[in-house]
Amino acid sequence: MALAGVRVIELAGLAPAPFCGMILADFGARVIRVDRTKVPMTVDTQARGKQSVALNLKNPRGVAVLKRLCVQSDVVLEPYRKGVMEKMGLGPEDLLKENPRLIYARLTGYGQSGSYAKAAGHDINYLAMSGLLSMLGRSSEKPYAPLNLVADFAGGGLMCAFGIVLALLERSRSGQGQIIDASMVEGAAYVGSFMWKSRSLGLWNRPRGENLLDSGAPFYDTYRTSDGKYMAVGAIEPQFYQQLIQGLGLYEADLPAQMSVSDWPQLRQTFTRVFASKTQEEWIRVFDGTDACVTPVLSFDEVLSHPHNQARGSFFKDSQGEISPRPAPVLSRSPAEPCHSRDPFIGEHTRSVLKEYGFEQAQIEQLLSAGIAECNEAKARL
Ligand SMILES: C[C@H](CCC[C@H](C)C(=O)SCCNC(=O)CCNC(=O)[C@H](O)C(C)(C)COP(=O)(O)OP(=O)(O)OC[C@H]1O[C@@H](n2cnc3c(N)ncnc32)[C@H](O)[C@@H]1OP(=O)(O)O)[C@H]1CC[C@H]2[C@@H]3[C@H](O)C[C@@H]4C[C@H](O)CC[C@]4(C)[C@H]3C[C@H](O)[C@]12C
């Protein structure tokens, strides 16, 4: 796999950093998540392929253990508020001094500088600060966040993984590590570069929800079918729009012009009425195999059995029966091989990892009995 041999220490976080770690693990990195001790269960639902070591980092001996793990690693990924790592004696200066090849990735909401750097926040706040949230929502409604996809995952976890891969690539030339300041505000804004750069085209001149791609245009929207399901329509270009009209059994001559914005409400009413006349399955039969850019809105349960997704193996079932998307993109020679086994228990690998990283058995037992480290091996659960 592309990242085989790369060792990552991920400090346990909420959503974006776990996603970043999972991407690295999917593509072959060895990811060790460092959890807190005395925690009943993990909130990391993106622990695929990771190992878990539980350490008390409030104790200097726990800090010393982490330092020793970082000396032998390529990447450390930290998801805390600015200043937390420094307070624990684990700031970039401390760790890079001991391992100058270390890539020190800091994934935060607001970045390491600026007046908000130390403020708490979540995806919706970062999205708001990026400018993007102001553009998201239906006409005459308040802005709404599309789950926590944009800032946490696209602008946060994914962008940070990209930064780590860039830093690894650069290190192969320079031999040096570096610090990555991954701000979710900036990551989200960057993902939204198209919105920024296309403002001059007049694509976003109208109020929220009344533009081409924000559900303003009737040919770029979803429609309810007679069985309560939905179809997604993305027929922008005239040649595809024609096929949409044809599939709906309408005649262009009877309709206002596609780009006549003032007629969009009337056109939407017509599309709404027609889509409501057939079931989703019937519409699939009408539009499959055409270039009308019309697809069913599939539920999570439906994606696995869709013939297209099945043909590509786009989703897979793990050993627990859970469906997940296959890691993307697909590399021809060194594709990702996502782990199919269950996620680790907190501290499941404490003993084995510490041993592998050079700790003596007696030292490990001391750390465990002093509560600095915690081990929760699978055997103990049988
Ligand atoms: C699904 C929910 C998650 C939603 C995601 C949400 C929408 C997001 O946007 S996530 C993005 C959040 N932002 C960031 O990550 C930006 C950077 N980070 C921060 O800004 C902050 O970390 C913070 C604001 C996120 C949190 O601030 P906090 O004050 O708590 O922490 P920090 O200042 O960073 O300091 C960390 C302290 O921790 C100490 N530490 C760290 N490691 C260790 C260690 N190993 N040992 C000892 N100490 C350690 C460190 O020293 C710091 O200490 P100090 O403060 O003293 O300095 C999920 C959200 C909630 C979940 C539910 C919940 O957990 C309850 C249930 C739990 C159960 O197990 C599962 C079900 C739950 C219902 C659970 C379900 C879901 O997972 C959630 C709903």
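**Exercises: finding your way around the fold**

**Exercise 1. Find what covers the buried residues of α9.**

*Solution.* Start with the cover: it includes β8 (230-234), α10 (264-275), α11 (280-287) and β9 (294-296). Keep in mind that you're looking at a predicted model. Next, go to the helix itself, residues 238-247, and pick out Y241, L244 and I245, which are buried. These residues sit on the same side of α9, because they cover an arc of only 95° around the axis. Finally, step past the end of the helix: α9 is followed by G249, and the phi of G249 is positive, near 75°.

**Exercise 2. Work out whether G155 is buried or exposed, and list what it touches.**

*Solution.* First, place the residue: G155 is part of helix α6. Then check its relative accessibility, which is 1%. Buried means under 20%, so G155 counts as buried. Now look for its contacts, leaving out residues up to four places away in sequence: you should find V150, S183, M184, G187, A188 and V191. As a last step, jump 216 residues along the chain to G371; the C-alpha atoms of G155 and G371 are 37 Å apart.

**Exercise 3. Describe the largest nonpolar core and say which element gives the largest share of it.**

*Solution.* Begin with the core as a whole: it has 34 residues, and L24, C160 and I164 are the ones with the most contacts inside it. Next, ask which elements give two or more residues to this core. They are the helices α1 (16-26), α5 (123-129), α6 (149-174) and α7 (184-191), along with the strands β4 (75-78), β5 (103-108) and β6 (178-183). The largest share, seven residues, comes from α6. Zoom in on L24 now: skipping residues up to four places away in sequence, L24 touches L3, V8, A29, V31, A161 and I164. Apart from this core lies another one, with 30 residues, including L55, L66, M88 and L90.

**Exercise 4. Sum up the whole protein: its elements, its box, its burial and its charges.**

*Solution.* Start by counting elements: there are 15 helices and twelve strands. Then draw a box around the C-alpha atoms along the principal axes, and you get roughly 85 × 50 × 40 Å. Of the 382 residues, 44% count as buried. For the outside, the accessible surface comes to about 19900 Å², and carbon and sulfur atoms hold 55% of that. Now take the contacts between residues at least 6 apart in sequence: 64% of them join residues at least 24 apart. To finish, compare the charges: the mean positions of the 41 positive and 40 negative ones are 6 Å apart.

Terms used:
Residues are numbered from 1 along each chain as its sequence is written. This is a predicted model: local features need pLDDT of at least 70, side-chain atom pairs count only at pLDDT 80 or more; totals for chains, interfaces and linings use all residues. Side-chain values use heavy atoms; hydrogens and water are left out. A nonpolar core is a set of buried Ala, Val, Leu, Ile, Met, Phe, Trp, Tyr and Cys residues joined through side-chain atoms within 4.5 Å. Buried means under 20% relative accessible area, exposed over 50%, partly exposed in between (1.4 Å probe, protein chains only). Helices (H or I, at least four residues) and strands (E, at least two) are DSSP runs, numbered from the N terminus. Contact means heavy atoms within 4.5 Å. Accessible areas come from the Shrake-Rupley method with a 1.4 Å probe; for residues, only the protein chains shown count as cover. Lys and Arg count as positive and Asp and Glu as negative; His and the chain ends are not counted. The place of a charge is taken as NZ of Lys, CZ of Arg, CG of Asp or CD of Glu. The arc is that of the directions from the helix axis to the C-beta atoms.
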